[in-house]
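Please open the model in a viewer and keep the selection tool at hand. The stops below run from the whole chain to single residues.

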Amino acid sequence: MRCQFDIVTVPSLDTAQKPTIVLSFDDKRYLFNCGEATQRALLTKQIPLRKINQIFLSTGWESHGGLAGTMLGLISNDGVQHLGLHGPKNLAFYLASLRAGQQRNYKYHNVLQLSIEEYSEELPPPFQDSNILVQPILALGASSNTSEKPVADMTNHADVETVQNIARSVWSGQFLERQNDGSWTPYIQSEDETSVDDYRIAESLAERQITKKRTRNSDDLEARHASKKARANLTVKNKFKVTPEQYFAFGKYMSEELPKSFAPFEAAVSYYIQGQPLPGKFNPEKAKALGVKPGPDYGRLQKGQSVRASSGIVHPHQVMGTPRICPPVLLIDCPKQTFLHALINHSFWKTCKGIDEPSVIVHSCNVDVLHHPDYIKFMSSFGSNVKHLVSSSGHVRDMINNKKAKKHLISLQSFSHEMYPVPVTSEEITQLPFSQYHEQAINASPIAAGTSFTPYPFLAMFKQVIDPDQSVAEQHQKLLTTFQEQSKLVQARIAALERNREPFGPGANVEVLTLGTGSAGPSVYRNVAATLIHIPSEFSVLLDCGEGTLGQLARTYGDNLAKALQSLRLIFISHMHADHHLGLIGLIRSWTVHNQDNKNELFVVCPRKFGRSIAEYAQIHDIGLERVVIINSACLTQDHQAKRGATNEIISEQIVRVKQALPGLHSLFTVSALHSECAMCVRLNHKDGWSIAYSGDTRPSSAFTAMCRGVSCLIHEATFEDNMLDEAVVKKHSTISEALQVAREARARCAILTHFSQRYPKLPVLDELQLNQFSEAAIGLAVDLMRVRLQDVWKLSHHLAPQIELAAELTRLNFKDDDEESKQVILDD
């Protein structure tokens with residue numbers, strides 16, 4: 001039976017500071033830690049999500065920042081029927097705080113069996129199944145380990161149950177109904193429930209009937225209302241078998257604020273992982289002596305089944321050797337010194353002296369802990385045969401996890417090094433400190449992403465490397481050489497055109513950094529939605545903030561990340577779908593750290609319900625919310641800003657604060673998008689006379705087109721190719737030609753299309769007519785980590801033809817770099 005630990009991520013510029021590790025057996029996978037960018041790292045490492053059914057978390061955002069995105073990937077996978085989550089107290093509260101953006105889960109899948117196990121005791125009950133036993137080991141932080149009443153005891157049982165119900169309901173698709181005593185419990189669905197496929201078909205047909213009534217721009221408010229009502233009725237009628245009154249009561253319950261009794265809980269969780277005993281070796285001689293005939297009965301005995309033989313019933317223990325024990329593995333988490341005393345003096349180490357010595361210990365800790373003499377002494381207490389893998393920033397080499405995306409950017413540098421910069425890496429790495437503190441040698445080395453180890457039958461460490469087909473590689477290289485030659489011709493053509501081109505005017509040097517250009521979920525080549533507008537010598541604005549945005553910024557700015565975050569003053573979240581906001585908490589945390597020496601405020605314009613989610617998360621983790629000003633995006637429409645009233649006075653006061661903090665900002669307006677609840681588009685006008693408009697996710701909208709009139713740069717979503725118009729209508733997105741039409745009607749000086757479906761890895765398919773439209777109207781397609789000034793956007797259209805030709809040739813040769821074969825290479829340790 002296979003038992004393999006895969007190191008998916010280690011501390012780096014674009015991944016969390018805690019390592020992500022996958023333990024794989026033949027039938028299941030177990031995920032330990034799930035920081036930001038975990039889902040994308042799993043895709044890059046070609047580790048499928050479908051077999052993951054247990055996730056174990058340590059503490060804080062570094063451990064669970066990628067949980068929501070990974071769960072969405074699992075939920076959309078029809079093979080996942082059960083998921084168990086394990087981690088310290090407040091895990092369910094975090095998941096419940098995201099309820100406003102995740103309620104579409106009720107439409108897309110059958111009820112998932114979701115369990116959430118939260119730890120508050122120092123030694124919680126272990127988890128075990130047929131493969132492993134996992135013992136959590138809690139180290140309470142100094143702030144929680146006081147003589148005062150523990151934080152864990154301050155939340156009453158009713159509040160805990162409420163939050164657990166909400167979290168399970170939102171993320172599993174389970175409907176709740178109100179009981180006579182006022183409590184809410186899971187609703188038991190009827191046996192003849194309509195299947196998910198039938199429901200999807202019914203909803204799709206209803207949407208298409210509704211859209212036939214719409215105008216070309218989908219601005220018919222009556223049709224939009226009918227669409228919303230039809231979806232609600234389908235949910236009630238086809239899935240839950242409940243009355244509309246029950247359904248809308250449930251919706252109201254889910255809109256209420258979470259209990260205020262929850263507070264931060266300082267605990268770091270380590271995990272002791274013991275494989276279940278493996279069957280002993282089968283002895284065919286004993287079986288033969290007992291009259292068992294070779295064949296299927298041998299296999300049954302090895303599977304633990306008794307068989308009938310000439311001598312009578314033969315039981316497995318009569319022919320199997322002594323069960324084999326798989327050496328345990330320890331994952332130790334000590335993020336800061338406040339946990340050190342509780343960890344090294346934990347009762348578990350005293351009670352487990354008789355158990356097997358670990359084969360591998362992974363240490364996730366900061367530099368201060370790692371260099372502490374008490375911690376080094378603790379490490380040495382495990383014996384000299386233990387392999388220690390150290391996961392500590394500064395001691396681990398910063399590697400770019402997504403090498404294929406990097407290769408793609410390098411190929412695009414044939415057009416421009418400035419527009420397609422290679423992701424920044426930090427080469428600094430210091431020597432592990434153990435020899436200077438302790439006489440006994442410690443077998444330790446830095447952990448490395450992409451490596452794996454198996455603890456049984458003996459410790460073996462290895463990594464996967466690409467094993468290329470030489471002939472295919474040569475053909476690929478010839479194509480790249482041709483591509484580079486064509487790129488030089490393009491550069492010469494651009495230089496000739498530039499000499500006769502009129503100056504762009506105001507805003508010429510404003511930079512657009514497309515940090516994430518994909519939709520729904522991350523892919524190898526495209527991260528989820530995020531675009532940075534950088535105004536030199538003034539400030540920056542972030543348009544949406546999908547998971548991993550902070551990492552993309554770090555790969556862009558490197559050592560200058562602090563300056564970039566100090567420049568960031570305004571964030572706009574277009575709507576509540578996860579691919580547009582899951583990176584915001586991590587970004588705010590980092591922004592707070594890098595702005596602690598100034599008095600800057602960070603303005604976040606977002607839907608009201610999402611603002612509530614941010615405030616709720618701040619109940620359980622300090623993210624520096626006192627420096628964040630949250631503004632309801634729905635209150636920034638031109639009509640709303642013109643009204644009078646108490647609410648508008650607050651909004652007006654906030655807008656004044658924004659303009660005082662950002663002197664160059666002239667005005668900021670929003671308009672409703674045709675996409676989902678509270679979805680908004682935005683326009684930013686600068687005092688120098690230039691402007692930016694951003695669509696977020698939307699169908700083509702005459703209201704947004706009117707708001708964009710004469711804009712300097714339009715950034716518009718183009719999720720689907722033109723041949724997928726029906727799907728674009730149903731899912732309320734735009735096609736490429738529709739986005740081009742908006743740019744033409746708005747008379748935008750230039751435009752950048754983004755938010756492409758992940759079915760188009762590098763480039764959506766474009767026809768010759770569209771290519772001409774791109775070049776005529778100064779329109780370009782966004783690429784992750786692309787960096788372009790407004791005056792240079794027109795050049796992007798000239799980069800398209802060689803890319804399309806290269807993609808066509810690679811397709812003709814059936815070359816897919818995502819399918820490159822790999823092989824195992826044993827590491828000489």
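Begin with the entire protein chain in cartoon style: its secondary structure comes to 30 helices and 33 strands, where helices (H or I, at least four residues) and strands (E, at least two) are DSSP runs, numbered from the N terminus. The model is predicted, so local features need pLDDT of at least 70 and side-chain atom pairs count only at pLDDT 80 or more, whereas totals for chains, interfaces and linings use all residues. Residues are numbered from 1 along each chain as its sequence is written, and side-chain values use heavy atoms, with hydrogens and water left out.

Next, colour by pLDDT, the predictor's confidence in each residue, from 0 to 100. The chain has a mean pLDDT of 84, and 83% of its residues reach 70 or more. Select residues 190-222: pLDDT stays under 50 there, and the model has 56 contacts beyond four places in sequence for this stretch, a contact being heavy atoms within 4.5 Å. For residues 232-238, pLDDT also stays under 50, with 21 such contacts in the model.

Return to the whole chain and display its surface. About 36,400 Å² is exposed, of which carbon and sulfur atoms supply 50%; accessible areas come from the Shrake-Rupley method with a 1.4 Å probe, and for residues only the protein chains shown count as cover. Of the 829 residues, 56% count as buried (buried means under 20% relative accessible area, exposed over 50%, partly exposed in between, with a 1.4 Å probe and protein chains only).

Now select helices α7 (residues 157-172) and α10 (residues 244-255). Their axes come within 11 Å and cross at roughly 115°; axes are lines fitted to C-alpha atoms, for helices over the stretch in contact, and angles run from 0 to 180 degrees between N-to-C directions. Show side chains to find Thr 162, Ile 166, Ser 169 and Val 170 of α7 meeting Phe 250, Tyr 253 and Met 254 of α10.

Move to Val 424, in the loop between α17 (403-412) and β17 (444-446). Is Val 424 buried, partly exposed or exposed? Val 424 counts as partly exposed because its relative accessibility is 28%. Beyond residues up to four places away in sequence, Val 424 touches Leu 13, Asp 398, Ala 554, Arg 555, Thr 556 and Gly 558. Measure from Val 424 to Arg 555: the C-alpha atoms are 4.8 Å apart, although 131 residues separate the two in sequence.

Finish at Asp 368 in helix α15 (residues 367-370). Asp 368 has 49% relative accessibility and therefore counts as partly exposed. Its C-alpha atom lies 9.2 Å from that of Pro 335, 33 residues apart along the chain.
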